[in-house]
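I opened a fresh notebook page for this one. Come and look over my shoulder while I work through it.

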Amino acid sequence: MTALEARIARGAPLGRMSEADDVAKAALYLASDDASNVTATEIVVDGGTTGAPFGAPIHTSLSRQ
């Protein structure tokens, strides 16, 4: 993991960056029968980063630089 990736991961509520497998699992869920009643919604696979109050710490600190 690069220094930038480690810094971003520290700012995510889950403490890690999303992997391609995380996104693939969300896509597979939406394509499955289990999601047959899921409509008009957005599924964000980012470890909670965009849902952090006042923005994720990493994003707010980068904007000040």
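**Entry 1: a leucine at the surface.** I began with Leu30, which is partly exposed at a relative accessible area of 45%. I am working from a predicted model, so I keep that in mind throughout. Leu30 sits in helix H2, which covers residues 20–31. I then asked which residues make a nonpolar surface patch with Leu30. I found Val23, Tyr29, Val38, Ile43 and Val45 beside Leu30 in that patch, and its area is about 440 Å².

**Entry 2: the overall plan.** I stepped back to see the whole chain. I counted three helices and zero strands in the protein. Reading from the N terminus, I noted the order of elements as α-α-α. The protein has 65 residues, and 17% of them are buried. I also looked up the exposed area, which is about 5,000 Å², with 57% of it supplied by carbon and sulfur atoms. For contacts, I took residues at least 6 apart in sequence, and 46% of those contacts join residues at least 24 apart.

**Entry 3: charged pairs.** How many salt bridges does the structure hold? I found two. As a reminder to myself, side chains of opposite charge can pair when their charged atoms come close.

I looked at Asp22 and Arg16 and saw their side chains meet in a salt bridge, 3.0 Å from N to O. Asp22 is partly exposed, because its relative accessibility is 21% and buried means under 20%. Arg16 is partly exposed too, with a relative accessible area of 39%.

I then turned to Lys25, which forms a salt bridge with Asp21. Their closest N and O atoms are 3.3 Å apart. Where do Lys25 and Asp21 stand relative to one another in helix H2? They are four residues apart, so about one helical turn separates them. I noted Lys25 as exposed, at a relative accessible area of 54%. Asp21 is partly exposed, at 44%.

**Entry 4: an aspartate without a salt bridge.** Next I looked up Asp46, in the loop between H2 and helix H3 (57–63). Is Asp46 buried or exposed? I found Asp46 buried, yet with no salt bridge. The nearest side chain of opposite charge belongs to Arg16, and that is 10 Å away. What lies 3.0 Å from a polar atom of the Asp46 side chain? I traced that distance to the backbone nitrogen of Gly48.

**Entry 5: a glycine and a distant partner.** I moved on to Gly11, which lies in helix H1 (residues 3–11). Gly11 counts as buried, at 11% relative accessibility. I then checked Gly11 against Thr49: the two are 38 residues apart in sequence. In space, I read 7.3 Å from C-alpha to C-alpha.

**Entry 6: a backbone angle to remember.** My last stop was Ala40, in the loop between H2 and H3. Most residues other than glycine have a negative phi. Ala40 is not a glycine, although I read a positive phi of about 50° there. Is Ala40 buried or exposed? I wrote down exposed, because the relative accessibility of Ala40 is 89%.

Key:
Residues numbered from 1 in each chain as written. Predicted model: local features only at pLDDT ≥ 70, side-chain atom pairs only at ≥ 80, totals over all residues. Heavy atoms only, no water. Patch = residues over 30% accessible without salt bridge, like charges linked within 9 Å, V, L, I, M, F, W, Y side chains within 5 Å. Areas by Shrake-Rupley, 256 points an atom, 1.4 Å probe, with all protein chains shown as cover. Salt bridge = Lys/Arg side-chain N within 4 Å of Asp/Glu carboxyl O. Helix = DSSP H or I, 4+ residues; strand = E, 2+ residues; numbered from the N terminus. Buried < 20%, exposed > 50% of the residue type's maximum accessible area, 1.4 Å probe, protein only. Lys, Arg positive; Asp, Glu negative; His and termini not counted. Polar contact = N/O pair within 3.5 Å; in protein donor to acceptor, adjacent residues only side chain to side chain. Contact = heavy atoms within 4.5 Å.
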